[in-house]
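Trainee: Could we go through this model together before I plan my week?
Mentor: Yes, let us put it up first.

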Amino acid sequence: MDADHRFHLAIANATGNAAIRSVIEYLWELRTNSPLSANMFARAKRGGITPRVEEHRPIVEALRARDPHAARSAMRKHLRGVVDDLLAATELEVMERARSELDARRDSVARRLKIGSA
């Protein structure tokens, strides 16, 4: 997490634009302190989803080559992957909860109908 934060902050610093640095700091603060965000990242971690650090390399390579189009594309791909991972982790947890609730309802109906498993 710390290395990921430093990576994104280094890119923001490299722009020389204080507004971009402020936005990155603000987004990171939201990521860290927002209950919704913290919950999503915790779900991802429980789901075995790890940071997408390998996607930083194409971003760095594009920046070194001074290729803004490739850098933008690599960063978008990276951020899209992070969002997809977070949504997938949330989806899995919601589906598991729904299955559990459905099983409980089936058991309740079976008990009321006296259809127990023998």
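Mentor: What follows is a short talk about the overall fold and then one helix. This is a predicted model, in which local features need pLDDT of at least 70 and side-chain atom pairs count only at pLDDT 80 or more, while totals for chains, interfaces and linings use all residues. Residues are numbered from 1 along each chain as its sequence is written, and side-chain values use heavy atoms, with hydrogens and water left out.

Trainee: How many helices and strands are there in the protein chain?
Mentor: The protein chain has 5 helices and 0 strands, where helices (H or I, at least four residues) and strands (E, at least two) are DSSP runs numbered from the N terminus.

Trainee: And how far does the C-alpha trace span along its principal axes?
Mentor: The trace spans about 70 × 25 × 20 Å.

Trainee: Switching topic, which residues of α4 are buried?
Mentor: In α4, residues 56-64, the buried ones are His-56, Ile-59 and Ala-62, buried meaning under 20% relative accessible area, exposed over 50% and partly exposed in between, with a 1.4 Å probe and protein chains only. Seen down the axis of α4, these buried residues fall within an arc of 130 degrees, taken from the directions from the helix axis to the C-beta atoms, so they line one face of the helix.

Trainee: What is exposed on the other side of α4?
Mentor: Arg-57 and Arg-64 are exposed there.

Trainee: Then what covers the buried residues of α4?
Mentor: The cover includes α1 (2-14) and α5 (68-112), judged by contact, meaning heavy atoms within 4.5 Å.
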